[in-house]
Amino acid sequence: MGQDLFKHFLQLNGSNPASVSFPTEVAVNKPHSSALVDEHEPITQELLNQLKKVIPEFKYKTYFEDNLTITKFENDDVYLQVKTAFIRKSIEGHVEEITNALFDILGKRFNLNFVALETNFNNDLKPKNVNENKFTLDLSPTKEDLSSKIQTQYIEHMSPNKNSIIIDKDKTFQNFIVGPTNNMAQAAAAAVAQAPGKNGKYPSLYVHSNSGLGKTHLLHAIANEINNRHPLLNVCLISSKNFMDELISLVQQNKFNDFVKKYTENIDVLMIDDIHELKDKKGTQDQFFHIFNELHNKGKQLVFTSDKQPKEIDGISERIKTRLQWGLVVDIQAPDLETRIAILKRKMESLDLYVSEDVLTLIASKIKTNIRELEGSLVKLKAVSELMNVEIEIDLVKEQLMFNQNESDKEVTMDQISKATAQYYRIPLADLKSKSRNQEITKARHIAMYLARKIANSKQQEIGEYFGGRDHSSVIHAVNTISEKMKTDSSLSKDINSIETSL
């Protein structure tokens, strides 16, 4: 059986099977046989090449690369060896991709049997068919096993499957943490959800930011709110990749008219995540252009997200860039320290996890530009705490999250804050400490005082003395003034966030 399949594989790849000699079939309980490995290595490599195209890179390198080996074909079964039981569990979540890849390579669908090298009691292989409902009680997991399980939970959080979007009921406006760097985007999204389409403020909304800052959360929040407030409206939330795949599939089935009808006649709210992924896809862009025009003319609601402003997306036609800018275009910046701490506290509650204020502040001070990574740190710490039965303390956090020790212990001083603020606004440091009441200098001085209180946790008296011998009431006034202005002035919020990030 294995030889016939191997010949078929060679024929598909242009080799002459007649010139190849085959070793005798090797039993599955001898996984390390060099003959067995040599026989199936070409198919294994081709399988990995196929999987690399469809599995997210992070997951592929962690679970598949150098971990998966075909050991045996037997009738309708194929045996695949992996290193640990935890890796096996993770790979079993991709049965469909593996089955399809083998079908593309060998032209046949197999039952998959995963074989893990158990290291707890002996080195015997224990094959497990994915259809079996059997569980093994592991009384003495190894350190490698525990590390694999911790990494599994972290990766699942960091690499959500966005290609097949289902509206996530847990992503709402109520649990979206609002701060000075995302308040405009949140307010616009909420306005769309309250009154979608031509009767609302923003019949077209475009939200852009770097990855992991909450764009997709807002999309799901809009969808959930519209479904609650306007249950008769038909909401379509889709990734640009799924949009493109659906178009290609229906064209291949000669059902192009069904695609056009769905998007132009049956949808009231169209939301496309990561619209920039349509770059260089001219055919899909042409259809998107016509769908956009049709829905816009009918007064339907359009919402898009991207990692760039419309004008900055390469490979998108100018006519599409123009239309993406017809409505409101808002951005989300990296959250400030207070918002990051608030996000961690919310995640802590959802995980039913207790973490001290010192630990939260440490994490928030180190992870500054990605909310998904910020929340992922708590996912990982919870797994470590439960699996290794340890408390979440500062030293553990530094070790598990790989915070540089020297960097972690480094304190930000008022002097550093003052220099960073003066440099950002291009004014002399001496002016910042002077008695000058110039409007630009006063603004910069107030910001430096605010950051000294917030980041360096300096006392009001110390701050006053540093900035020209002012009393504590001047410091309180400066801090309160900046705090209030940040609630409504997004430009000020961005300036402060930029200074904070530079520190």
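**Figure 1. Salt bridge between Asp-336 and Lys-454 in the predicted model.** In this predicted model, both Asp-336 and Lys-454 are buried. The two residues form a salt bridge in which the closest N and O atoms are 3.8 Å apart. Asp-336 belongs to the loop between E9 and H13, whereas Lys-454 lies in helix H20 (residues 439–454), so the salt bridge ties together parts that are 118 residues apart in sequence. Elsewhere, salt bridges with shared partners join Lys-282, Asp-286 and Arg-319 into one network. The whole structure contains 18 salt bridges.

**Figure 2. Salt bridges of helices H8, H9 and H10.** Within helix H8, the side chains of Arg-229 and Glu-225 meet in a salt bridge (2.8 Å, N to O). These two residues are four apart in the helix, a separation of about one helical turn. Arg-229 is partly exposed, with a relative accessible area of 46%, whereas Glu-225 is buried at 18%. A further salt bridge joins Lys-262 and Glu-246, with the closest N and O atoms 2.9 Å apart. This pair links distant parts of the chain, as Lys-262 is in helix H10 (residues 256–265) and Glu-246 in helix H9 (residues 240–252), 16 residues apart. Lys-262 counts as partly exposed, at 29% relative accessibility.

**Figure 3. The five-stranded parallel sheet.** Five strands form an open sheet with parallel pairing, in the order E6-E7-E8-E5-E9. Strand E6 (235–239) and strand E9 (328–331) occupy the edges; each has a single partner strand, so one side of each is left without a neighbour in the sheet. Neighbouring strands are turned by 15° against each other on average, direction ignored. Strand E7 (residues 269–273) and strand E8 (residues 301–306) run parallel and are joined by four bridges, and the bridge partner of Ile-272 in E8 is Phe-304. Helix H8 (residues 215–229) lies across strand E5 (204–208), E6, E7 and E8, and runs at about 165° to E7.

**Figure 4. Strand E5 and its two partners.** Five of the five residues of E5 are buried, so the strand is largely enclosed by the rest of the structure. Ser-204, Tyr-206 and His-208 point one way from E5, while Leu-205 and Val-207 point the other way. Five bridges join E5 to E8, and four bridges pair E5 with E9 in the parallel sense. Val-207 has a bridge partner in each of these strands: Thr-305 in E8 and Val-330 in E9.

**Figure 5. The largest nonpolar core.** This core has 47 residues, and those with the most contacts inside it are Ile-222, Met-271, Ile-363, Leu-378 and Val-397. Among the elements that give two or more residues to the core are E5, H8, E6 and E7, together with helix H13 (337–350), helix H14 (357–366) and helix H15 (371–388). Contacts of Ile-222 include Phe-173, Ala-189, Leu-205, Met-271 and Val-303.

**Figure 6. Surroundings of Thr-172.** Thr-172 is found in the loop between helix H6 (143–158) and H7. Thr-172 is buried, with a relative accessible area of 17%. Beyond residues up to four places away in sequence, Thr-172 touches His-217, Ala-221 and Asn-224.

Terms used
Residues are numbered from 1 along each chain as its sequence is written. This is a predicted model: local features need pLDDT of at least 70, side-chain atom pairs count only at pLDDT 80 or more; totals for chains, interfaces and linings use all residues. Side-chain values use heavy atoms; hydrogens and water are left out. Two strands pair if DSSP finds at least two bridges between them. Axes are lines fitted to C-alpha atoms, for helices over the stretch in contact, and angles run from 0 to 180 degrees between N-to-C directions. Contact means heavy atoms within 4.5 Å. A nonpolar core is a set of buried Ala, Val, Leu, Ile, Met, Phe, Trp, Tyr and Cys residues joined through side-chain atoms within 4.5 Å. Buried means under 20% relative accessible area, exposed over 50%, partly exposed in between (1.4 Å probe, protein chains only). A salt bridge is a side-chain nitrogen of Lys or Arg within 4 Å of a carboxyl oxygen of Asp or Glu.
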